[in-house]
Every structure is written in structure tokens, then in C-alpha cells.
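Q: I should like to examine one part of this protein closely, namely its aromatic side chains and the strands that carry some of them. Please treat the matter in one connected account.

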Amino acid sequence: DTGYVGARGIRPLALIQLNTGTIGGGQNSAPYNQLLHQLTTDTCPTLANPAAKCGTTLGIGAYTPWKNNYYDSWQSKLTRKLGRGSQMGIVYTWQHAISYSDSEELQSTLFTLPQYYELNRATSTIDRTHNFEAYSVYELPFGRGKRWATSGISNILAGGWQLNGIFSHISGSPFTLLSSGNSLNAPGSGSQSLDLVVKQRILGHTPRLGCNTGPTPLTNPDLSCAYFDPTAYANAPSSREGTVGRNSIRGPGFTNLDLSVFRDFRITERFKFQFQASAFSVTNTPHFQNPGSNGISIFSATQNYSSAANNTFGVITGTLGGRLGTNLSGSRSFNFAGKLIF
């Protein structure tokens, strides 16, 4: 089976900031700050000064039908039956999802100033360009009713075993690179993007023993631990947003193989015992998290490409987490179980 699958989200709800100020205008440049006298100051009304005003920056968010989302994909499935109770198959999806906020409706926009709304239009965080899955369910041809070892001790030892496997290879997820701070001096401006100063390079380096993630001079940067080239970026000036939009780079992919073996032991006509042995992440392939995406200094010949406060920009520092039993880190594990069926 093969075919095109697509979907459109027409003006889904998004959380839009209504009280944004002008760049460089400070807290008092936001319209509702002025209208409602919500000015950020340390002076509040007292008996001696009842006319004083105090407050905090007023944020007004509105769930608003806003923009459109897009999903387009080519989805294919190939299944082969191998006999009674046995089959194998391949499932592949090539897709692209585009949205303005992550990862569903009712989410807030990342870049909230109206003149920079289009920086939000990007590949959705849930997007995985390639998703390849291969699976098999195979009953071994041994034992009563099968081709070989149909009786005697060979039937007792080899009969009734079933092997199962799932192999997955999935593209990495997109993520956003942001400045370590916001220099726009505009209330409600949200995050500030970075500038791309040279062509981006995906170096693909993952954690290793002895990896140095500390700051290094731009004149001689140590990029041996970096997943992408951090020196390709710089903080944007305080007069504008950066040139890099949301979800501009994609993290490492995900490869995994799970195997299991089952066998039913007949006890009586009514009762049988099932033995299960499962091996997760058989290849012991690490599932790395996305690299650090926040906090770099403005570059010069003597400055570092990563700031002292956050020196892991561009560096992968660990594996995916997850609840117990999900094995998202990629470390090999084994489970054994028994089940009484009647």
C-alpha cells in the first residue's frame, strides 16, 4: 500500500500576546501598560505620596484563531505473510509538518512582536522527516504440526517458539536556537533569536570520554564535541530580532531494535503457560537528546564561542529521558515474564 496523506489546520487557536511594546521603548511603550497605568517601578502609593503608581508589566494573552498548519506525507506499507501465524512488514513515512507554534493548538507563539510573526512559521517540533519501521512475527518451523521436529524430545525442546522483532530508524526532531538573553527592551517580546553569520555546519559529534565542553577562543575553537558549529551564530543587536527562525535545526536521529521470544507450554486442555523473554535496544545504540540551544556570547577574536554561564551551546550532554520501562536512553535491557493462560 502506498499513497499521499495530508491535513490542514485552518486558523487553529494560538496564544497571542496583545500587549507588546516597541523595540527599545521600554515598559511604558506597551499600549495597555499606559492605558491601565501598569508601570514597572519601585514606588507605590503611600500616605505621603498617594499619587504614586506601581505595578508589573501587564501581559495580555488571547487565544486567537491564527494562521494555518500544514501536514503532507507519503506513506507506504509492505506486508509479506510467511505462513500460519508468521509475517513480516516494512512501514515508511516521508513527511513534513509546518506550524506556527509547538506542538498543537492553544500553544503560545515564540516570537511575539507582530512584525516578526513569520519567524514562527517553521517545521513543527513533532515532525520526523523519515520514519522507517520493520517488523516480523515468526513461528519457528519446529514442533507438532510444523515441518521439523514433530515428535519426541525434539518437539518438547524446539516446538512452539515464536520470534518477534521491531526495527526503527527515525529522523531527529527540530529545535530552536535562542540568544542567552533578550536585549530588545520591549515588554511582551518573548524570546530573541540569533543571527546566522556563516553557513551552518552539522558536525554530528556526540558525547565521548574526555570531551571538553568548556569555552574556547573563537580563534582556535575546540569543536570536537559539538553537534553543530556554534561559531556560525551570534547574538542579534538590541535594535531587532535575529535572522534565525523557530526550529531551524534538527537534532540526532533515533535507531532502535527490539526482539522477543515467546513459547506456550500446554499444561492441560484448559491451561497453558507462556514464557516471554524480551530484549530492548539490542544494538545498545544511544538515543541522544538535542544539543544545547541557548546562550552564546557576541563573537570577537578574543571572546569565547560559548558563554561561561552556558558553555554547552551546540553540545549534546546526554541521552533522552523517559519513564521507567520506556528505555528511551538506548541502553540494552532484558525482561523475562511468565503468563498463565486459561
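How many aromatic pairs does a search of the whole structure find?

A: The model is a predicted one. A search of the whole structure finds 10 aromatic pairs. One of them joins Phe132 and Phe167, whose rings are edge-to-face, at 6.3 Å centre to centre and with 65 degrees between the planes. This pair links distant parts of the chain, since Phe132 belongs to strand β8 (residues 130–139) and Phe167 to strand β9, 35 residues apart. Phe132 has a relative accessibility of 28% and therefore counts as partly exposed. Phe167 likewise counts as partly exposed, because its relative accessibility is 31%.

A second pair is formed by Phe228 and Tyr233: the ring centres are 6.1 Å apart and the planes lie at 85 degrees, so this pair too is edge-to-face. Phe228 is buried, because its relative accessible area is 0%. Tyr233 has a relative accessible area of 3% and so is buried as well; the cut-off for buried is under 20%. Phe228 and Tyr233 also belong to one aromatic cluster, together with Phe175 and Phe313.

The strand that carries Phe167 leads on to the neighbouring sheet pairings. Strand β9 (residues 161–170) pairs with strand β14 (residues 254–266) in the antiparallel sense, over 10 bridges. Within this pairing, Leu163 stands opposite Val261 of β14. Strand β14 is also joined to strand β15 (residues 272–280) by 8 bridges, and these two strands again run antiparallel. Here Arg266 stands opposite Lys272 of β15. Strands β14 and β15 form a hairpin, with 5 residues between them.

Aromatic side chains also take part in a nonpolar surface patch. Phe265, Ile267, Phe273, Leu340 and Phe342 make up this patch, which covers about 510 Å². Of these residues, Leu340 is found in strand β16 (residues 333–341). Leu340 counts as partly exposed because its relative accessibility is 47%, a value that falls between the limits of 20% for buried and 50% for exposed.

Finally, an aromatic ring is also met by a charge: the charged end of Lys67 sits over the ring of Trp66, at 5.6 Å from the ring centre.

Definitions and conventions:
Residues numbered from 1 in each chain as written. Predicted model: local features only at pLDDT ≥ 70, side-chain atom pairs only at ≥ 80, totals over all residues. Heavy atoms only, no water. Pairing = 2+ DSSP bridges. Helix = DSSP H or I, 4+ residues; strand = E, 2+ residues; numbered from the N terminus. Patch = residues over 30% accessible without salt bridge, like charges linked within 9 Å, V, L, I, M, F, W, Y side chains within 5 Å. Areas by Shrake-Rupley, 256 points an atom, 1.4 Å probe, with all protein chains shown as cover. Salt bridge = Lys/Arg side-chain N within 4 Å of Asp/Glu carboxyl O. Buried < 20%, exposed > 50% of the residue type's maximum accessible area, 1.4 Å probe, protein only. Phe/Tyr/Trp six-rings, centres within 6.5 Å; stacked < 30°, edge-to-face > 60°. Lys NZ or Arg CZ within 6 Å of the ring centre and 35° of its normal.
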